[in-house]
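Reader: Could you walk me through this structure, starting with the words I will need?
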Amino acid sequence: MTATLPLSPAPVTCPNASRPACTNDIPDCIALVEDWMARCQWIPRSVTRPFVKRRVTFSILAGHMRVLTDPEPNGAVAAFLSLDAENAQVRAVFSRTRGSALGQKLLNEAKQDRDFLWFKTPFMDPLIQSFFRREGFVPIGGKSPMSDYPVAGLRMEWWRPQ
């Protein structure tokens, strides 16, 4: 990859302004994923910290990830969304606080200037499915493997209303 990313982000003073993720965000993003994993009894043991770090790092280096941060002084990542824009695939949405509307804000930003998005939600996580349903995503098909993730998923699609 020829693009280089900054080691530290530009200052953010409002948690409502998203920005591209940078390499300094990796620990915060991993922590958000690990917090979610700790609450999910169904996560396979093969989903380890190195696995999560590889996925987060790839998403940031590929330019797929946007973050919302806390106001200064610490500016920690409060939520992130990974979007493979080329394939219109939302790869992940994580928020430190459930019900904070930060994930919704990031998803609304992803919907801007797009007519279609899709997401493969873990089949065994009804909370994630419920979130995406509220955001206008519709289940398409049944259980199917998730590419490089060791659980079955449910494909959900969003189409811009006509």
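Author: Contact here means heavy atoms within 4.5 Å. This is a predicted model, in which local features need pLDDT of at least 70 and side-chain atom pairs count only at pLDDT 80 or more, while totals for chains, interfaces and linings use all residues. Residues are numbered from 1 along each chain as its sequence is written, and side-chain values use heavy atoms, with hydrogens and water left out.

Reader: ok, so what does valine 90 touch?
Author: Leaving aside residues up to four places away in sequence, valine 90 touches Leu81, Ser82, Leu83, Leu107, Leu117, Trp118, Phe119 and Phe132.

Reader: And which residues touch the most other members of the largest nonpolar core?
Author: They are Phe80, Val90 and Phe132, in a core of 45 residues; a nonpolar core is a set of buried Ala, Val, Leu, Ile, Met, Phe, Trp, Tyr and Cys residues joined through side-chain atoms within 4.5 Å. Buried means under 20% relative accessible area, exposed over 50%, and partly exposed in between, with a 1.4 Å probe and protein chains only.

Reader: Switching topic, is serine 59 buried or exposed?
Author: Serine 59 counts as buried because its relative accessibility is 5%.

Reader: And what does serine 59 touch?
Author: Not counting residues up to four places away in sequence, serine 59 touches His64, Met65 and Ser82. The side chains of serine 59 and serine 82 are also joined by a polar contact of 2.5 Å, that is, a pair of N or O atoms within 3.5 Å where, within protein, one must be able to donate a hydrogen and the other to accept it, and residues adjacent in sequence count only if both atoms are side-chain atoms.

Reader: Where does serine 59 lie?
Author: Serine 59 lies in helix H2, residues 49-61; helices (H or I, at least four residues) and strands (E, at least two) are DSSP runs numbered from the N terminus.
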